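Colleague: I am new to this structure and would like a close look at a single part of it, followed outward into its surroundings. Could you take me through one loop position carefully, and explain each term as you go?

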Amino acid sequence: MRLLVVEDEQILREQLLEQLRERGYSVDGAADGEEGRFMAEEYPYDLAIIDIGLPKMDGIALIRHLRAHGRLFPVLILTARGGWQEKVEGLEAGADDYLVKPFHPEELLAR
């Protein structure tokens, strides 16, 4: 499986990439919403993990853009925003699941 991780926090992004690669996934990382949009439009992904609070294009706008342009791969939101309103907004934008930071890597992998 090929995964895309869109996370602006460099240390967390690098940790996620490493953990996912150790488990056999092919993983690409993006540091902001625009880079994530470009990569999702140019490469075939099986899943995207997207933070909401991204520079240049926030995660909700990114998810809406991807869905509007026919990108139907599953999307997992990974964010510090844990209020029910943010969860509903993310799911209504087209995300398939929502995980709140801090999280345990095993929970991410299970999802």
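Modeller: Ala 80 is found in the loop between strand 4 and helix 4, where helices (H or I, at least four residues) and strands (E, at least two) are DSSP runs numbered from the N terminus. This is a predicted model, in which local features need pLDDT of at least 70 and side-chain atom pairs count only at pLDDT 80 or more, while totals for chains, interfaces and linings use all residues. Residues are numbered from 1 along each chain as its sequence is written, and side-chain values use heavy atoms, with hydrogens and water left out.

At 57% relative accessibility, Ala 80 counts as exposed; the word stands for over 50% relative accessible area, buried for under 20% and partly exposed for what lies in between, with a 1.4 Å probe and protein chains only. Setting aside residues up to four places away in sequence, Ala 80 touches Val 100 and Lys 101, a contact being heavy atoms within 4.5 Å. Between the C-alpha atoms of Ala 80 and Phe 103, 23 residues apart along the chain, the separation is 9.5 Å.

Val 100 also leads into the sheet, since in strand 5 it is the residue that Thr 79 stands opposite. Strand 4 and strand 5 run parallel and are joined by 4 bridges, and two strands pair if DSSP finds at least two bridges between them. The open sheet as a whole is formed by 5 strands in the order 2-1-3-4-5, with parallel pairing, and its edge strands, each pairing on one side only, are strand 2 (26–30) and strand 5 (97–100).

Lys 101, the other partner of Ala 80, is also in contact with Asp 51, as are Val 6, Glu 7, Asp 8, Gly 59, Leu 78 and Thr 79, when neighbours of Asp 51 within four places in sequence are left aside. Asp 51 has its place in the loop between strand 3 (47–50) and helix 3 (59–68), and at 6% relative accessibility it counts as buried. An unreviewed UniProt entry lists Asp 51 for "modified residue: 4-aspartylphosphate"; such annotations, given in the numbering used here with shortened feature names, may be inferred rather than shown by experiment.

Next to Asp 51 in the chain comes Ile 50, which together with Leu 4 has the most contacts inside the largest nonpolar core, a group of 21 residues. A nonpolar core here is a set of buried Ala, Val, Leu, Ile, Met, Phe, Trp, Tyr and Cys residues joined through side-chain atoms within 4.5 Å. Strand 1 (2–6), helix 2 (33–42), strand 3, helix 3 and strand 4 (75–79) each supply at least two residues of this core, and the largest share, 4 residues, comes from helix 3. A second, separate core of 13 residues includes Leu 12, Leu 16, Leu 76 and Phe 103.

On the far end of the loop that holds Ala 80 lies helix 4. Helix 3 and helix 4 (residues 84–93) pack at an angle of about 20 degrees, with their axes 8 Å apart, and this makes helix 3 roughly parallel to helix 4, a description that covers angles under 35 degrees, whereas over 145 counts as roughly antiparallel, 65 to 115 as roughly perpendicular and the rest as oblique. The axes are lines fitted to C-alpha atoms, for helices over the stretch in contact, and the angles run from 0 to 180 degrees between N-to-C directions.
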